[in-house]
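Trainee: Please pick one part of this model and take me through it closely, then set it in the context of the whole chain.

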Amino acid sequence: MAVDTTTTRKAAAAKAPAPADKARRRSSVALKFLMAGTGILLVLFLFAHMIGNLKIFFGEETFDHYAHWLRTIGTPLLPDEWYLWIQRGGLTLAVVAHIYAATVLAIRARKARPVKYAHRPKVQGSYAARTMRWGGVIVLLFVIYHILDLTTLTLNPNGVHGEAYRNVAEDFAPGRWYVTLFYVVSIVAVGFHLRHGIWSAVRTLGQQTQRGERIARASALALSLVLVVGYLSVPFAVTIGLVD
């Protein structure tokens, strides 16, 4: 029986992905790994920073000593504050890379939809997943404000270098409730972002089993709650007078 080789070749060519599609898929996978890697780095920093913040409960002398120690890490090999600037540079690169990867993937996902509906039906997914984008924007704005408030001290009501404890206490004083409210909203947004981000990163790194899925979701929720409670304990303690 004769075989139409031309038709067969055309059918095979139609099924086979084009080289451009293959390159795009490889690029998307690389971007997902970039998001996961930078996300993990940022999460580790958030937890380390949270642990440092909690030293405020040990008193003014301990907290100010901790703040001074951060500026002397690496000495005498490095001059004062060089480690902090190296860390800030690395974190900035990680944030920029994270945002870049997220933006490119979001644009590609939108272009991949064959039809744009006037009204999109509800899809199954967590609240955190549906709010990742605006949550990321809130987190970015919070980071900018936080730097101006407690790093450069430009917006801090006390604003004295070397008085870390007093800067925090004045920052979240009861009369500045609006600052505390913004801090709460931002940290909750970080929690939602972190919850979905950890789960997504675990999937990107190869987790595919149902049991692993349950563990990843539970771990992401637990880590997010720990982070949110840890960060919010400081402004709440200042507001109710435990730290003054």
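Mentor: Happy to. A helix here is a DSSP run of H or I at least four residues long, and helices are numbered from the N terminus. Keep in mind throughout that this is a predicted model. By that definition the protein chain has nine helices and zero strands, giving the pattern α-α-α-α-α-α-α-α-α along the sequence. Gly230, for instance, has its place in helix H9, and we will come back to that residue.

The part I would choose is helix H7, together with the loop that leads into it. Six of the eight residues of H7 are buried, so the helix is largely enclosed by the rest of the structure. The buried ones are Ala164, Tyr165, Asn167, Val168, Ala169 and Asp171. Three of these, Asn167, Val168 and Asp171, give us threads to follow.

Start with Asn167, which leads back to the loop. Asn156 lies in the loop between helix H6 (132-150) and helix H7 (164-171). With a relative accessibility of 8%, Asn156 falls under the 20% cut-off and therefore counts as buried. Its polar side chain has partners on two sides of the story. A polar atom of the Asn156 side chain lies 3.1 Å from the backbone oxygen of Asn167, and the side chain of Asn156 also reaches the backbone nitrogen of Asn158 at 2.8 Å. Setting aside residues up to four places away in sequence, Asn156 touches Leu148, Asp149, Leu150, Asn167 and Asp171. This loop residue thus has contacts among residues of both flanking helices.

Asp171 is our next thread. Besides touching Asn156, Asp171 meets Arg176 in a salt bridge, with 2.9 Å from N to O. Both Arg176 and Asp171 are buried. Compare that with another charged pair on H7: Glu170 and Arg166 form a salt bridge at 3.9 Å, N to O. They sit four residues apart in H7, about one turn of the helix. Glu170 is partly exposed because its relative accessibility is 32%, and Arg166 is also partly exposed, at 23%. In general, side chains of opposite charge can pair when their charged atoms come close.

How many salt bridges does the count come to? The answer is four. One that does not involve H7 joins Arg71 and Glu81, where the closest N and O atoms are 3.8 Å apart. That pair links distant parts of the chain, since Arg71 is in helix H3 and Glu81 is in the loop between H3 and helix H4 (82-112), ten residues apart. Arg71, at 29% relative accessibility, counts as partly exposed, as does Glu81 at 30%.

Now for Val168, which takes us from H7 into the interior. The largest nonpolar core has 30 residues, and Val168 is one of those with the most contacts inside it, along with Ile56, Phe63, Tyr183, Ile187 and Leu227. Helix H2 (19-53), helix H3 (60-72), H6, H7, helix H8 (177-204) and helix H9 (210-240) each contribute at least two residues to this core. In soluble globular proteins, nonpolar side chains tend to be buried together. Ile187 illustrates the reach of the core: beyond its neighbours within four places in sequence, Ile187 is in contact with Phe142, Val228, Tyr231 and Leu232.

That brings us back to Gly230 in H9. Its relative accessibility is 8%, so Gly230 counts as buried. Leaving out neighbours within four places in sequence, Gly230 is in contact with Met50 and Leu54. Gly230 and Ile51 are 179 residues apart in sequence, yet 7.9 Å apart in space from C-alpha to C-alpha. Across the chain, among contacts between residues at least 6 apart in sequence, 68% join residues at least 24 apart.

Finally, look outward from the loop. Leu148, which Asn156 touches, belongs to a nonpolar surface patch of about 570 Å² that also includes Ile99, Val137, Leu140, Leu141, Ile144 and Leu155. H6 supplies the largest share of this patch, five residues. Val137 has its place in H6 and, at 48% relative accessibility, counts as partly exposed. For the chain overall, 30% of the 244 residues count as buried, and of the exposed area of about 16200 Å², carbon and sulfur atoms supply 67%.

Notes
Residues numbered from 1 in each chain as written. Predicted model: local features only at pLDDT ≥ 70, side-chain atom pairs only at ≥ 80, totals over all residues. Heavy atoms only, no water. Buried < 20%, exposed > 50% of the residue type's maximum accessible area, 1.4 Å probe, protein only. Polar contact = N/O pair within 3.5 Å; in protein donor to acceptor, adjacent residues only side chain to side chain. Contact = heavy atoms within 4.5 Å. Core = buried A, V, L, I, M, F, W, Y, C linked by side-chain atoms within 4.5 Å. Salt bridge = Lys/Arg side-chain N within 4 Å of Asp/Glu carboxyl O. Patch = residues over 30% accessible without salt bridge, like charges linked within 9 Å, V, L, I, M, F, W, Y side chains within 5 Å. Areas by Shrake-Rupley, 256 points an atom, 1.4 Å probe, with all protein chains shown as cover.
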